Amino acid sequence: MPASPDGTHPAAATGQRRRLLDDPRSLRALAHPTRLELQSIVGRSGRITAADAARELGISHALASHHLRQLAKYGFVHQVEGADNRERPWQVVHTSHSVEGIEDQPGGAEALAVFEQVAAERAVDDLGRWQEARASWSPGWRKHSGIGRSMVYLTEEELTGLMEAFDGLIAPYIEERPIDDMASRPPGSKAVTLTFIVAPQAPIAAED
């Protein structure tokens, strides 16, 4: 199951604006905690100014503007016309990214490793924030969130089938609700980050 910078996975229908990230330089540019968070804020807002994004993230306007310009340089966000003559807001260019095949590019495996490490650290931060706030959420949200860990023996083919089955379950929700399409969000819906870390283990001596 290829990782995606915005947390989504490829789907078969047509609701998303997709980008195949096959340039290691672009993936490395995205592999930064502040840029990943800014990209998420821009997407979830539909469009947002650098000043408002800075307040949302708790950083300076200058720092937010710098990272937004870097995201724009590599085609992740762009500025659009605002409602007045004030600061022009930012908008995501694509709503779904795939890194499928990037490991076949020179330097691609290294860029993917850097991105996955940063994405994993961000996921841990998300979990920490959820743990601080979970007591204020309803039982249904609390019961089906948090962290789970399982070890199961699978063949390569079984792992492929399992990940494809999961992608098939989540794909309709992703397809019908692009991150920046606020009208597609059902009443009562919340942004939910689903992070899978699939880590095959080397055999131990007793298994030889």
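User: Why is Trp-141 called partly exposed?
Analyst: Its relative accessible area is 32%, and partly exposed is the range between buried (under 20%) and exposed (over 50%), with a 1.4 Å probe and protein chains only as cover. Since 32% lies in that range, the label for Trp-141 follows. Please keep in mind that this is a predicted model, in which local features need pLDDT of at least 70, side-chain atom pairs count only at pLDDT 80 or more, and totals for chains, interfaces and linings use all residues. Residues are numbered from 1 along each chain as its sequence is written, and side-chain values use heavy atoms, with hydrogens and water left out.

User: Which helix holds Trp-141?
Analyst: Trp-141 sits in helix α6, residues 139–143. A helix here is a DSSP run of H or I with at least four residues, a strand a run of E with at least two, and both are numbered from the N terminus.

User: What makes Trp-141 part of a nonpolar patch on the surface?
Analyst: Patch members need over 30% relative accessible area and no salt bridge, with nonpolar side chains (Val, Leu, Ile, Met, Phe, Trp, Tyr) joined within 5 Å. At 32%, Trp-141 passes the area cut-off. The patch joins Trp-141 with Val-192, Leu-194, Phe-196 and Val-198, and together they have about 440 Å² of accessible area, computed by the Shrake-Rupley method with a 1.4 Å probe.

User: How do you know that Arg-18 and Glu-175 form a salt bridge?
Analyst: The rule asks for a side-chain nitrogen of Lys or Arg within 4 Å of a carboxyl oxygen of Asp or Glu. Here the N to O distance is 2.5 Å, so the pair qualifies. This salt bridge links distant parts of the chain: Arg-18 is in strand β1 (residues 18–20) and Glu-175 in helix α7 (residues 156–176), 157 residues apart.

User: Are Arg-18 and Glu-175 buried, partly exposed or exposed?
Analyst: Arg-18 has 31% relative accessibility and is therefore partly exposed, whereas Glu-175, with 7%, is buried.

User: How many salt bridges are there in the whole structure?
Analyst: The search finds six. Another one of them pairs Arg-25 with Asp-23, whose closest N and O atoms are 3.4 Å apart. Arg-25 is exposed at 59%, while Asp-23 is partly exposed at 22%.

User: What separates Arg-55 and Asp-52 along helix α3?
Analyst: About one helical turn, because the two are three residues apart in helix α3 (residues 50–57). Their side chains meet in a salt bridge at 2.2 Å, N to O. Arg-55 counts as exposed because its relative accessibility is 60%, and Asp-52 as partly exposed at 35%.

User: Which residues line the second largest pocket?
Analyst: Arg-55 and Asp-52 again, along with Arg-47, Thr-49, Ala-51, Glu-81, Gly-82, Ala-83, Asp-84, Arg-86, Glu-87 and Pro-89. About 180 Å³ of space lies in this pocket. On a 1 Å grid, a pocket is an open set of points where a 1.4 Å probe fits, with protein on both sides within 12 Å along at least five of seven lines, and lining residues have an atom within 4 Å of a point.

User: How does the lining of the second largest pocket divide by residue type?
Analyst: The lining has seven charged residues, three nonpolar and two polar. Asp, Glu, Lys and Arg count as charged, Ala and Pro are among the nonpolar types, and Gly is among the polar ones.

User: Why is Pro-106 called exposed?
Analyst: Its relative accessibility is 75%, so it counts as exposed. Pro-106 belongs to the loop between β4 (96–98) and α5 (108–133). The C-alpha atoms of Pro-106 and Asp-22 are separated by 10 Å, although the two are 84 residues apart along the chain.

Conventions
Points joined across faces, edges and corners; volume = space filled by probe spheres on them. Patch = residues over 30% accessible without salt bridge, like charges linked within 9 Å, V, L, I, M, F, W, Y side chains within 5 Å.
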